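Trainee: I have a new structure open and I'd like to learn how to read it. Could you walk me through it, feature by feature?

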Amino acid sequence: MHRLRFALSSRFLLLLSFCWLAEAPAGFAANTDQLDLSSYRGKVVVVDFWASWCVPCRRSFPWLNQMQAKYADQGLVIVGVNMDAEPGEAEAFLEEFPADFRIVADPGGGLAKQFDVIAMPSSYVLDGNGQVVARHLGFKVKKQDEYEAAIQDALSQLEGN
Amino acid sequence: MHKYMSRIGLLVVIAFTAGCSSLGVEPWERDVLAKEEMQLVTDPVEAGIDDHIYFSKEASSGGRGFGGGGCGCN
Amino acid sequence: MPRQDKTAIAASLASATCSLLGTPAATPVQAQEEPGWDLNTALLYYGENDDRVQDVSLNLQAIRNFVDDRLLTLGLAVDTLTGATPSGAIPFDGPQTFTRPSARSTYTTPPNTIPLDDSFLDTRVAVNASWQQPLGRLYSIGAGLSASNEYDYMHMGANLKLSRDFNKRNTTVSAGLAIAMDDLSPVGGAPIPLSQMLGEDDRSNKTGDQSKDVFDVVVGLTQVINRNLLVQANYSYSNSSGYLNDPYKILSVVDGTSGDPVPAAPVPGEDFPSHLYLYENRPDERTKHSAYGQAKYYLSGKVLDVSYRYMTDDWEIDSHTIDARLRWPMGDRSYLEPHLRYYTQTAADFYRISLVDGEPLPSYASADYRLGEFDAVTVGMKYGWKLASGHEMSVRLEYYMQDGDAPPGQVIGNQALQELYPDLDAIIAQFSYRFGW
């Protein structure tokens, strides 16, 4: 776990210096900002990579909404990173599975590469200092408690919690 | 003829396996592969019907593989 | 398929096991609605030329998605078969009389036509069930059972599958195993191989039930080449042992000069076959090796599916199969899919169009046209459409033609004047309906 932390956090430090993200396509409501993860210092950020064609993502969205609602006041921010090449597909997905959290688009895959995404979906838990403290490959309904525990863990480390 | 065919077949498999690690797409580039029509067996019922017909009328059977492709999720 | 095609069916059911093995019982529905149940039904009509086999069947497959990519697949197929099939006797310029397998009556065939044994009605019911689930993150396992039953045949089988992903799931290695145990109770009893076809009510050369076992292994490799191209290659091994004969198939014994069937000595007061016919005999073991490759290529909305299979066995049969399909979307909701298949096989080393009177009997001999040398072509078209409800329907119409030749070295005398190989023309028509529930 420590080795993973080191490997991921060293990459993430690189990431911070880039503040990269492609502009979200016009279809996404109010999501054309560039994603600046450093603006979330002091919060726990869950970065979730998803796509409209990814079936487990349909199961993960209701759960992510739940988590966002439950822990928002403790300092949790969820960012869904959409990997669709066609923005229309992502919009259709969001109509059926609405997100109560921020969605940004990464059609070129630049952010996914920086996070070294090896599975779809993937979610990364970032602590208050922007370090990756947990990574979850795939989304399994049976592991929801485990995913939630990682979030709670990171939240408990935040100052003021 | 058989010997050549099996040797060629073996070479193909070895070449495949050797070259495999450099081939493929990133996990987020599987939109096309996730489509139903891109699965190895698009219609299992039709495939089963055809297998049954050809097996009853010819001397060969099956041979089809399974697994792989798709969205690669989870 | 009619009772006479039982050995083929025996093999076909074994292959059904292997195709259960080789065909994913279910592909987890990709990027589709995830209903509790995914139901796929198909109604099939298969009809051959000249009053030969006709089959109407109903096929159902129900897939139940359980949480976290676990699937239960249940399948049911019911076939009703009618029609006639070549018995293996050779045609000649005169009528021929045969005893039915039941030995309760005889039938006569006209001159200059390939003798067909006109069948009985038969209904076959086949069921299968399988379970598939992930094991850890990168492994997937599956297990299944199959069974089928008809008047004179019973099959039971089990299969196991394992696959593992590599290279960010671009590469999948898979292996599967299937076993089948089949029991035959031929109508009238299994005949003593290479014994003579006797008269009505004479079952003295018939024995009882028989059985056969089949063992199949397949290993495969699936590789994503790029965003639009997926390929698969595999090797299969199959071993059948036990009673591999078709209990209803015969060979004519012919005169070494004229090539005409030798008349049988009539038995007074008994309806007896007109000529000398011997029941076939095949080895009691068969080992097959197959190599198979498939590619799926996506090109601006169209999908090309091409596959090739090579099979070789220890009966000296070699075959090549090339199959190509092109799915052509028409708008958002429908598609057209032309299909072309080419198949060719060489004859089994014990394939004989007839046996020569006076020559020593070979250990194995069969005149079953399905062990002969032939080419076959299938041309077809499928049209599918999606309803507003998300339900899918499709129709397909295909034409299957088989064209073979008797090995020239085996043609004797007057046989050259006859059509010796029962060329086949068949229509395949299918309607299917797929919906979630």
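Mentor: Sure, let's begin with chain A. Going along the sequence, its elements come in the pattern α-β-α-β-α-β-α-β-β-α. Keep in mind that this is a predicted model.

Trainee: How many helices and strands does chain A have?

Mentor: Chain A has five helices and five strands.

Trainee: In what order do the strands of chain A sit in their sheet?

Mentor: Here's the general idea first. Strands of a sheet pair through backbone hydrogen bonds, and the pairing can be parallel or antiparallel. In chain A, the five strands make an open sheet with mixed pairing, and the order across it is β3-β2-β1-β4-β5.

Trainee: Which strands stand at the edges, and why is one side of each left without a neighbour?

Mentor: Those are β3 (102–105) and β5 (132–137) of chain A; each has a single partner strand, so one of its sides has no neighbour in the sheet. From one strand to the next, the twist averages 20°.

Trainee: Can we zoom in on a pair? In which sense do β1 and β2 of chain A pair?

Mentor: Strand β1 (residues 44–50) of chain A and strand β2 (residues 76–82) of chain A are parallel, with seven bridges between them. To find the register on screen, look for A:V47, whose bridge partner in β2(A) is A:V79.

Trainee: And which strands does helix α5 of chain A lie across?

Mentor: Helix α5 (residues 144–157) of chain A crosses β1, β2, β4 (122–126) and β5 of chain A, and it runs at about 150° to β1(A).

Trainee: What share of chain A is buried?

Mentor: Of its 161 residues, 38% count as buried. You can also look at how far along the sequence the contacts reach: among chain A contacts between residues at least 6 apart, 71% join residues at least 24 apart.

Trainee: How many residues of chain A are in contact with chain C?

Mentor: Nine residues of chain A are in contact with seven residues of chain C. On the chain A side, that contact is made of five nonpolar, one polar and three charged residues.

Trainee: Let's turn to chain B. How do I check a helix such as α3? 

Mentor: Compare its length with the expected rise. Helix α3 (residues 44–57) of chain B has 14 residues, which at 1.5 Å a residue should span 20 Å, and its end C-alpha atoms are 20 Å apart, so the two agree.

Trainee: Is α3(B) mostly covered or mostly open?

Mentor: Mostly covered, with 12 of its 14 residues buried. Among them are B:I49, B:H52, B:I53 and B:F55. As a rule for reading such a helix, an α-helix has 3.6 residues a turn, so residues three or four places apart point the same way.

Trainee: Now chain C. What is it built from?

Mentor: Chain C holds one helix and 25 strands. Along the principal axes, its C-alpha atoms fill a box of roughly 75 × 40 × 35 Å.

Trainee: What does the radius of gyration of chain C tell me?

Mentor: You compare it with a rule for globules. A compact globule of 437 residues would have a radius of gyration near 22 Å, and chain C has 24 Å, which agrees. Of the 437 residues of chain C, 47% count as buried.

Trainee: Which strands make up the sheet around β16 of chain C?

Mentor: It's an open sheet of three strands in the order β17-β16-β22 (chain C), with mixed pairing. The edge strands, β17 (277–279) and β22 (355–356) of chain C, each pair on one side only.

Trainee: Where does the mixed pairing show up?

Mentor: Strand β16 (residues 250–254) of chain C pairs with β17(C) in the antiparallel sense over three bridges, while β16(C) and β22(C) pair in the parallel sense over two bridges. On the β17(C) side, C:I250 stands opposite C:Y279, and C:S252 has C:Y277 as its bridge partner. On the β22(C) side, C:V253 stands opposite C:L355.

Trainee: Which way do the residues of β16(C) point?

Mentor: C:I250, C:S252 and C:V254 point one way, C:L251 and C:V253 point the other way, and all are buried.

Trainee: One last stop: is C:R396 buried or exposed?

Mentor: C:R396, in strand β24 (residues 392–405) of chain C, is buried, because 21 other C-beta atoms lie within 10 Å and the cut-off for buried is 20 or more. Leaving aside neighbours within four places in sequence, C:R396 is in contact with C:G380, C:M381, C:K382 and C:Q430.

Note on methods:
Residues are numbered from 1 along each chain as its sequence is written. Chains are lettered from A and ligands numbered from 1 in the order in which they are written. This is a predicted model: local features need pLDDT of at least 70, side-chain atom pairs count only at pLDDT 80 or more; totals for chains, interfaces and linings use all residues. Two residues are in contact if their C-beta atoms, placed from the backbone, lie within 7 Å. Ala, Val, Leu, Ile, Met, Phe, Trp, Tyr, Cys and Pro count as nonpolar, Asp, Glu, Lys and Arg as charged, and the others, Gly among them, as polar. Two strands pair if DSSP finds at least two bridges between them. Helices (H or I, at least four residues) and strands (E, at least two) are DSSP runs, numbered from the N terminus. Axes are lines fitted to C-alpha atoms, for helices over the stretch in contact, and angles run from 0 to 180 degrees between N-to-C directions. The radius of gyration is taken over C-alpha atoms; the globule rule is 2.2 Å times the number of residues to the power 0.38. The expected span of a helix is 1.5 Å times one less than its number of residues.
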